[in-house]
Amino acid sequence: MTPLPERAGRRCHNALNALHSALYFSPALGKELSPYGIDDPHAINLSSRSAPLGAVGAGAVTATFYNYSHALVARFVPAVWDAASPETVLAARLRAADAMLRHLLGEEAVRSAEMTEAARLALRATEGCTRSGRPLHAANADLPVPPVGQAPHLALWHAATLLREHRGDGHIAALQNAELDALEALVSHTASGHGMNPKWVMSTRGYNAQDWTAAQQRLTGRGLLDGEGELTERGAELRKHLEEETDRLDRRPYELLGAEGVARLTELAGGFTHTAIEAGAFPADLLGKG
């Protein structure tokens, strides 16, 4: 087997992850859940992503999501399951994914041979994933796989979800090994220039400016941030190590697919992602440090 080029798995994941995560910014998801009384943006996000776990409590969601404030999670979980069961939410989630992908990519792309090829490659990659120690991946892996022959776009979205949660679960292990708590992980990621806008993070993850400042101070005390809130050399090295360690823990799906398969899947998924972004899949203020 031809060895994978450096960061090939990460690049493939990034292309696929955009297709997965676009759902949580799509009006289609709220439209599907609002008839059940789930209309708060936090409730929509928390219920739709945690539904594969079943009717769990706030503790399980905080643990598996990692970077959300427990106080925020507890405002909506487990109360959200009184509005709609996890099974109901999962069905709504899949309908929303269908509507979103048709809207962003167009009917021709959804029915294309390239979509089917991408779905088959991505599903093949998921065969290299492991359940042990990866709760969000494992929960999603127990869900039915949409049939490639009938709904290749949903099969691709399902596979992208499995691969995203597999990498995410591994990334949490790396963060814990580095002794970065939930908010320290977010603050240091933003300081790297690759993270999300602090105001957006605080509003969606349940933190305030005081929480953010306190996390910055803790990181400064460890020599990871300087007085301006920028990464020190040591901090930059830690962030680099975290990504490399996450790559290592996430290598098996892409090794199984092989260099040629990874390159082709990255090309196909990257094309779909580019179209989705051009169609407005993500809010303009999501990224950046302003």
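Which residues form one aromatic cluster? Phe25, Trp200 and Phe282 do. The model described here is predicted.

## Aromatic pairs

A search of the whole structure turns up three aromatic pairs. In one of them, Phe25 meets Phe282 edge-to-face. Their ring centres are 5.4 Å apart, and the planes stand at 70°. The two rings come from distant parts of the chain, 257 residues apart. Phe25 sits in the loop between helix H1 (8–21) and helix H2 (27–33). Phe282 belongs to the segment after helix H16 (251–278).

Are these two rings buried or exposed? Neither label fits. Phe25 has 28% relative accessibility, so it counts as partly exposed. Phe282 has 25% and therefore also counts as partly exposed. Buried would require under 20% relative accessible area.

Another ring has a charged neighbour. Arg49 lies over the face of Phe65, 4.4 Å from the ring centre.

## Nonpolar cores

The largest nonpolar core holds 66 residues. Leu16, Ile38, Leu46, Leu156, Leu265 and Phe272 touch the most other members. Which helix gives the most to this core? Helix H7 (residues 86–105) does, with nine residues. A second core is separate and has 25 residues. Among its members are Ala178, Trp200, Leu225 and Leu231. Trp200 thus appears in this second core and also in the aromatic cluster with Phe25 and Phe282.

Leu156 shows the contacts of one such residue in the largest core. Leaving aside residues up to four places away in sequence, Leu156 touches Leu16, Leu19, Met115, Ala118, Ala119, Ala122 and Phe272. Two of these partners, Leu16 and Phe272, are themselves listed with Leu156 as touching the most other core members.

## Helix H1

H1 has 14 residues. From first C-alpha to last it reaches 20 Å, close to the 20 Å expected at 1.5 Å a residue. How many of its residues are buried? Twelve of the 14 are, and the helix is mostly covered.

The buried set mixes residue types. Ala8, Gly9, Arg10, Cys12 and His13 belong to it. Ala15, Leu16, Asn17, Ala18, Leu19, His20 and Ser21 complete the list. Against which helices do the buried residues of H1 pack? They pack against H7, H11, H15 and H16.

## Salt bridges

The whole structure contains 21 salt bridges. One joins the side chains of Arg10 and Asp247, with 2.6 Å from N to O. Arg10 lies in helix H1 and Asp247 in helix H15 (residues 233–249), so the bridge ties together parts that are 237 residues apart in sequence. Both residues are buried. Asp247 has 18% relative accessibility. Beyond residues up to four places away in sequence, Asp247 touches Arg7, Arg10 and Arg167.

Arg167 also meets Asp250 in a salt bridge, at 3.4 Å from N to O. Asp250 lies in the loop between H15 and H16, and Arg167 in helix H11 (residues 152–177), so this pair ties together parts 83 residues apart in sequence. Asp250 and Arg167 are both buried. Which residues do salt bridges with shared partners join into one network? They are Arg10, Arg167, Arg239, Glu243, Asp247 and Asp250.

## A partly exposed salt bridge

Glu107 and Arg102 form another salt bridge through their side chains, at 2.6 Å from N to O. Glu107 has 35% relative accessibility and so counts as partly exposed. Arg102 has 31%, and the label is again partly exposed. By contrast, Arg10 and Asp247 are both buried.

## Ala276 in H16

Ala276 lies in helix H16. Is Ala276 buried or exposed? With a relative accessible area of 5%, Ala276 is buried. Leaving aside residues up to four places away in sequence, Ala276 touches Leu104, Leu105 and Ala281.

Ala276 and Ala22 are 254 residues apart in sequence. In space, their C-alpha atoms are 8.3 Å apart.

Technical notes. Residues are numbered from 1 along each chain as its sequence is written. This is a predicted model: local features need pLDDT of at least 70, side-chain atom pairs count only at pLDDT 80 or more; totals for chains, interfaces and linings use all residues. Side-chain values use heavy atoms; hydrogens and water are left out. A nonpolar core is a set of buried Ala, Val, Leu, Ile, Met, Phe, Trp, Tyr and Cys residues joined through side-chain atoms within 4.5 Å. Buried means under 20% relative accessible area, exposed over 50%, partly exposed in between (1.4 Å probe, protein chains only). Helices (H or I, at least four residues) and strands (E, at least two) are DSSP runs, numbered from the N terminus. Contact means heavy atoms within 4.5 Å. Rings of Phe, Tyr and Trp (its six-membered ring) pair if their centres lie within 6.5 Å; planes under 30 degrees apart count as stacked, over 60 as edge-to-face and the rest as tilted. A charge sits over a ring if NZ of Lys or CZ of Arg is within 6 Å of the ring centre and within 35 degrees of the ring normal. A salt bridge is a side-chain nitrogen of Lys or Arg within 4 Å of a carboxyl oxygen of Asp or Glu. The expected span of a helix is 1.5 Å times one less than its number of residues.
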